[in-house]
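Here are some short exercises to work through with the coordinates open beside you. Try each task before reading its solution.

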Amino acid sequence: MDANIATPAALIGDPTRAAMLQALQDGRAQPASALAWAAGVTAQAASNHLSKLVDGGLLAVEREGRHRYYRLASAEVAHAIEALSVLATPVRSLETPRSPKARALRDARCCYGHLAGRLGVRVCEALVDRDLIRPAAEKLYAVTPEGRAWFEELGVTVDTLRSPRGVARQCLDWTERRHHLAGPLGVKLLEAMTVRGWLALEAKGRAVRLTVEGAQALRERLGVSLEDEGRVAA
């Protein structure tokens with residue numbers, strides 16, 4: 001029997017619940033109060049919507065003392081939300097970013113643990129151009145021997161990574177409409193660049209800042225730069 005997509009579609013289709021799901025796209029757990037603020041609703045209304053999302057299997061809830069924290073139930077949920085963002089009409093503020101927040105999100109952001117946005121796309125395309133990864137069937141990337149050595153230099157051992165959906169996946173970026181690197185390899189790459197101080201994750205939200213050290217390292221290693229955008233962090 002085919003899966004009934006009507007139930008999750010109805011849950012995601014509500015504007016309030018969609019806003020909550022998008023607010024959780026960076027993979028972190030958030031309290032109901034933060035999600036109520038993100039969706040622009042009252043705490044009581046947020047509680048009702050969150051209960052439906054948990055019951056529908058789209059959110060998981062963690063209890064820490066008297067507090068409850070909500071997160072996306074799985075990577076599959078995150079992938080579905082990101083895919084729907086690609087189908088949606090481009091958001092004007094991201095299509096032609098005007099606010100600092102909109103520009104920052106388009107430049108670089110965290111997409112459920114991996115690097116997305118303009119920087120994520122440029123890094124991915126540079127990896128392909130240098131034959132470190134190659135597009136493969138089923139929206140995957142194959143890592144070449146040269147690629148394994150390149151990632152090893154960053155402290156990422158490709159052969160130890162495992163995922164039933166593929167170690168390196170092609171993820172269509174919803175602002176750039178081009179692919180960035182997802183999957184366990186994408187997650188480990190973001191972690192490695194953060195540990196080395198090339199990238200700085202914002203304390204709140206999904207934005208990722210490229211540091212001066214990171215701009216130099218990515219330019220030297222991959223020929224990647226965001227300096228033409230004038231938004232390299234000090």
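**Exercise 1. Work out the volume of the largest cavity and describe its lining.**

Solution. Start with the size: the largest cavity in this predicted model has a volume of about 70 Å³. Next, count how many cavities reach 30 Å³ or more; there is one. Two elements, helix 8 (117–129) and helix 10, each give two or more residues to the lining of the largest cavity. Now list the lining itself: Leu115, Gly120, Val123, Cys124, Leu127, Leu181, Gly186, Leu189, Leu190 and Met193. Finally, sort the lining of the largest cavity by class, which gives eight nonpolar residues, two polar and no charged ones.

**Exercise 2. Characterise the second largest pocket by its volume and its lining.**

Solution. First, the volume: the second largest pocket holds about 290 Å³ of space. Its lining has 20 residues, and those closest to the centre are His114, Arg165, Arg169, Ala182 and Gly183. Then ask which elements contribute: helix 5 (75–87), strand 8 (169–172) and helix 10 (183–195) each supply at least two lining residues. Helix 5 gives the largest share, five residues. Last, the classes: nine of the lining residues are nonpolar, five are polar and six are charged.

**Exercise 3. Place Arg165 in the chain and decide whether it is buried, partly exposed or exposed.**

Solution. Begin with its location: Arg165 sits in the loop between helix 9 (145–153) and strand 8. Its relative accessibility is 27%. Buried requires under 20% and exposed over 50%, so Arg165 counts as partly exposed. To finish, look for Lys139, 26 residues away along the chain; its C-alpha atom is 10.0 Å from that of Arg165.

**Exercise 4. Find which residues of helix 7 are buried, and explain why they line one face of the helix.**

Solution. Pick out the buried residues of helix 7 (residues 100–107): Ala102, Arg106 and Asp107. Look down the axis of helix 7: these buried residues fall within an arc of 135°, so they line one face. Then turn to the face of helix 7 that points away from the buried side, where the exposed residues Pro100 and Lys101 are found.

**Exercise 5. Examine the backbone at Asp131 and Glu138, and compare their exposure classes.**

Solution. As background, most residues other than glycine have a negative phi. Asp131 is not a glycine, yet its phi is positive, about 55°. Asp131 lies in the loop between helix 8 and strand 6 (133–136), and its relative accessibility of 28% makes it partly exposed. Now take Glu138, which also has a positive phi, near 60°. Glu138 is in the loop between strand 6 and strand 7 (140–143). At 72% relative accessibility, Glu138 counts as exposed.

**Exercise 6. How many aromatic pairs and how many disulfides does the structure hold?**

Solution. Take the rings first: a search of the whole structure finds one aromatic pair. It is formed by Trp150 and Phe151, edge-to-face, with 5.1 Å centre to centre and 90° between the planes. Trp150 and Phe151 are both buried. For disulfides, the count is zero. Two cysteines are still worth checking for accessibility: Cys110 is buried at 11%, and Cys171 is buried at 7%.

Technical notes
Residues are numbered from 1 along each chain as its sequence is written. This is a predicted model: local features need pLDDT of at least 70, side-chain atom pairs count only at pLDDT 80 or more; totals for chains, interfaces and linings use all residues. Side-chain values use heavy atoms; hydrogens and water are left out. A disulfide is a pair of cysteine sulfur atoms within 2.5 Å. Buried means under 20% relative accessible area, exposed over 50%, partly exposed in between (1.4 Å probe, protein chains only). On a 1 Å grid over the protein atoms alone, a cavity is a set of points where a 1.4 Å probe fits but cannot get out, and a pocket is an open set with protein on both sides within 12 Å along at least five of seven lines; lining residues have an atom within 4 Å of a point. Grid points are joined across faces, edges and corners, and a volume is the space filled by probe spheres set on the points. Helices (H or I, at least four residues) and strands (E, at least two) are DSSP runs, numbered from the N terminus. Ala, Val, Leu, Ile, Met, Phe, Trp, Tyr, Cys and Pro count as nonpolar, Asp, Glu, Lys and Arg as charged, and the others, Gly among them, as polar. Rings of Phe, Tyr and Trp (its six-membered ring) pair if their centres lie within 6.5 Å; planes under 30 degrees apart count as stacked, over 60 as edge-to-face and the rest as tilted. The arc is that of the directions from the helix axis to the C-beta atoms.
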